[in-house]
Amino acid sequence: MTKVEPQKKKKTHIPFRLNVLFLVVFLLFSTLILRLGVLQIVNGEEKRLESEATVEQVAKKEAPRGIITDRNYRVVVDNDPYFSVTYTKTSDTTQEDTLKVARWLAERFEIDEKEIKRITERDKKDYFIVTNDVKKLLNKRLTPKEKKLKNDKQYKALVEKITKKDLKTLSEEDLNIIAIKRKMDQGYAYSAQPIISELKNEQISLISENLDSLPGIDIMPDSERKYPFGKSALFGEVKPIPKESMDKHLALQYDRSDRVGVSGIEKQYQEVLRGTKEMAVYLTNQKTGSTLGDPKIIEGKRGKDLTLTIDMELQFKLAKIVEEEILAAKPLPGNDMLDSAYIVMMDPRTGEIIGLAGKRYKNGKFINDEYGALFNAYAMGSSVKGATMLTGFHSKAVHINEPIYDTPKKFGAIEKSSWTNMGLINDTTALQRSSNIYMFEIMQRMIGPEHYTETYDEVRYFFSQFGLGEMTGIDFPNESTGYKGPVQKGVFGTLLDLGIGQFDTYTPIQMVQYVSTIANGGYRMKPQLVKEVREPRTAPDKEGKLLHRFEPVVLNKIDMEEKYIERVQQGFWEVMHAPRGTAKGYFDDVEKYHNPAGKTGTAQVRLKKNGGIVEKNNLTLVGYAPFDNPQIAFTVVVPHATAQNGMQRINKFIGQRALAAYWELQKKYGKDAETVNALMKQPGENEEASAQ
């Protein structure tokens, strides 16, 4: 019995300890539940409001734009990097904070005189107020009634009480501070506003050493566009968002301080060239305006790169040719108003613009005028007779090989003639020698018994199939459709003029599309200036990954039989090679020009000069080569010139030199146009990336 007693005594302690443990656990859980209850019931609403008051604010830094290369991947538009001082306001930034930083910067940096001139009277008044005791100003200058106004109205009343005498107290140092502060105030909350650009190394060091005491200030990489081969209107410009398009850009998630393409390729492909901004995401308390912790950084990325269809070497040659021929022709009698010329070269199979040059001579120097090839419309003269002949064939007004006697002829009460009496000629000879009478006959035969005015619409419909009088579809922000002459009931002669290119007006880009349509058998191709979109290049000599290749786009097939098109092609060949062709002797060298075909044109125009009217000529030329396998088409337009020694010359000189330059480059690089297109595809690229 004595051996069992210790065991019984030991067992009596276990339940007691368990009870104590359970009690402790119970008390802990009770405390936890009580605490949760307090948080949920007592402080829940307060915490919920605090949570809702915390919001994300995003500060963005501009990313470099994509670069632009020519068809051979030579960089033609690049970024010239530099560093800028930027200022980023937050929701709790005060005027005193901004003023303090502005004063520090103004004391250490030279302020551009242009910025001083931009200071307004309101800028000076705001500065005067913030640098004085505002309460004293309010008490001293406002009437009792004005003192009762709300804050914004009260401040406005105070601004009006600041006098010119007050502003005269501002020193040169004050003006420097105002200029800096003005730029700082232009920025929006959480948007990095550039203050001082193109920092020198010592300035970067100075700012870097003092960043801790300059809230909102940062040093950011920035860039300006640079042009290794010279600036071109085709490239366009990058500027701050224009006022008229601000709403549109804001809807596309742009910031008001952004710079965008405002013209040319820069505008047309803005969304491609635009970089992805670096973002700093701040957590801020909406109630207090304070920033919570360090921001989260999301890296940005440079914009995508573009490959143009333009060959920059050819482009330079074309520009030089145009300049030299204008200078050579201007001293000749009658060329006193000759001041511009244009040439466009296009691959008729793809629509790719290989070269485009325009020059305007003003005040003794040349101005680039590539825009003129897209916007300036002129009467093109006999160059459009290919479209007239095809219209005549299709409408059955004339037939292949039909003879017509070319001699001065009366059409109603109007007598018309060609530039010379040609006698009995057929359709190809009419093109070869540029007969007006043959074209007039087509127009007259198309006229109905009474409703001749409807013939204008019919002719223009057929012309539009070649792109004449229509948008060409070129990937550029704007282009002109030309001008349609006014149709007047009872006036017959203008219909005849329409058939010889002396009534409606067309642009050089329309003319090259027109001749390309004839060259390639009737397919109207969409002109294209950009060939590819690529990822940003990782090294100067290495292209980025191909993202998008623009494939040729057929806009329409002309509604005319193949035999008719071939007949006009034959007439165009005779223009340049037959004994009496209007361009005979200029393009005979097969090795140099590769057997071209084409059509010359002269349009008589009346211009105002010194209060009177003078008559001048628009000299034109369209063509393509080789005749049997067209690889290049071209158009030349020389407005307001005169015939030299009774002949068209400057248009032919430009055309022959341009065509020779094109083939020289193909020979120089050991490739024809077919090989050029093949070489544009880089090894290892995914061909499925090609665009539709």
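These legends accompany several close-up views of a predicted protein model.

**View 1. How confident is the prediction along the chain?**
Let's start with how far the model can be trusted. The mean pLDDT of the protein is 85, and 87% of its residues reach 70 or more. Two stretches deserve some caution. Residues 6–10 have a pLDDT below 50, and this stretch makes 0 contacts in the model beyond near neighbours in sequence. Residues 672–692 also have a pLDDT below 50, but here the model shows 41 contacts beyond near neighbours in sequence. Where pLDDT is low, the predicted coordinates should not be read in detail.

**View 2. Helix α26 and its surroundings.**
Helix α26 covers residues 650–668. You can check its length yourself: at 1.5 Å a residue, its 19 residues should span 27 Å, and the end C-alpha atoms are indeed 27 Å apart. Is this helix enclosed or open? Of its 19 residues, 14 are buried, so α26 is largely enclosed by the rest of the structure.

**View 3. Helix α16 and the elements it packs against.**
Here is a second helix to try the ruler on. Helix α16 runs over residues 312–329, and its 18 residues should span 26 Å at 1.5 Å a residue. The distance between its end C-alpha atoms is 26 Å, which agrees. Its buried residues include M312, L314, L318, I321, V322 and I326. Charged residues are found in that buried set too, including E313 and E325. Which elements do the buried residues of α16 pack against? They pack against the strands β3 (75–87), β11 (340–346), β12 (353–362) and β13 (365–368), and also against α26, the helix of View 2.

**View 4. A nonpolar patch on the surface.**
Look for L18, L21, F22, V25, F29, L32 and I33, which form a nonpolar patch on the surface. Together they have about 690 Å² of accessible area. V25, one of the members, is found in helix α2 (residues 14–42). With a relative accessibility of 34%, V25 counts as partly exposed.

**View 5. Salt bridges, pair by pair.**
The structure holds 44 salt bridges, and this view picks out a few of them. The side chains of R360 and D369 meet in one, at 3.4 Å from N to O. R360 is partly exposed, with a relative accessible area of 26%, whereas D369 is buried at 14%.

R445 and E402 form another salt bridge, their closest N and O atoms being 2.6 Å apart. This pair links distant parts of the chain, 43 residues apart: R445 is in helix α20, and E402 is in the loop between α18 (385–394) and β14 (404–406). R445 is partly exposed, with a relative accessible area of 36%, while E402 is buried at 15%.

In the pair D504 and R460, the closest N and O atoms are 2.8 Å apart. Here too the partners come from distant parts of the chain, 44 residues apart. D504 is in the loop between α22 (493–499) and α23 (508–519), and R460 is in helix α21 (residues 453–464). Are these two partners buried or exposed? Both D504 and R460 are buried.

Salt bridges can also share partners: in this way D70, R74, D311, E313 and K668 are joined into one network.

**View 6. Unusual backbone angles in three loops.**
Most residues other than glycine have a negative phi, and most peptide bonds are trans. Against that background, some spots in this model catch the eye. E198 has a positive phi of about 50 degrees although it is not a glycine. E198 is found in the loop between β4 (193–196) and α12, and is exposed, with a relative accessible area of 55%.

S434 also has a positive phi, near 65 degrees. S434 is in the loop between α19 (427–433) and α20 (436–446). Unlike E198, which is exposed, S434 is buried, with a relative accessible area of 6%.

Which peptide bond is cis? The bond from A625 to P626 is cis, with omega near -15 degrees. P626 is found in the loop between β23 (612–625) and β24 (632–641).

**View 7. P215 and its partners from far along the chain.**
P215 lies in the loop between α12 (201–209) and β5 (217–226). Leaving aside residues up to four places away in sequence, P215 touches Y87 and V101. P215 and V101 are 114 residues apart along the chain, yet their C-alpha atoms are separated by 7.6 Å.

Conventions:
Residues numbered from 1 in each chain as written. Predicted model: local features only at pLDDT ≥ 70, side-chain atom pairs only at ≥ 80, totals over all residues. Heavy atoms only, no water. Helix = DSSP H or I, 4+ residues; strand = E, 2+ residues; numbered from the N terminus. Expected span 1.5 Å × (residues − 1). Buried < 20%, exposed > 50% of the residue type's maximum accessible area, 1.4 Å probe, protein only. Contact = heavy atoms within 4.5 Å. Patch = residues over 30% accessible without salt bridge, like charges linked within 9 Å, V, L, I, M, F, W, Y side chains within 5 Å. Areas by Shrake-Rupley, 256 points an atom, 1.4 Å probe, with all protein chains shown as cover. Salt bridge = Lys/Arg side-chain N within 4 Å of Asp/Glu carboxyl O. pLDDT = per-residue confidence, 0-100.
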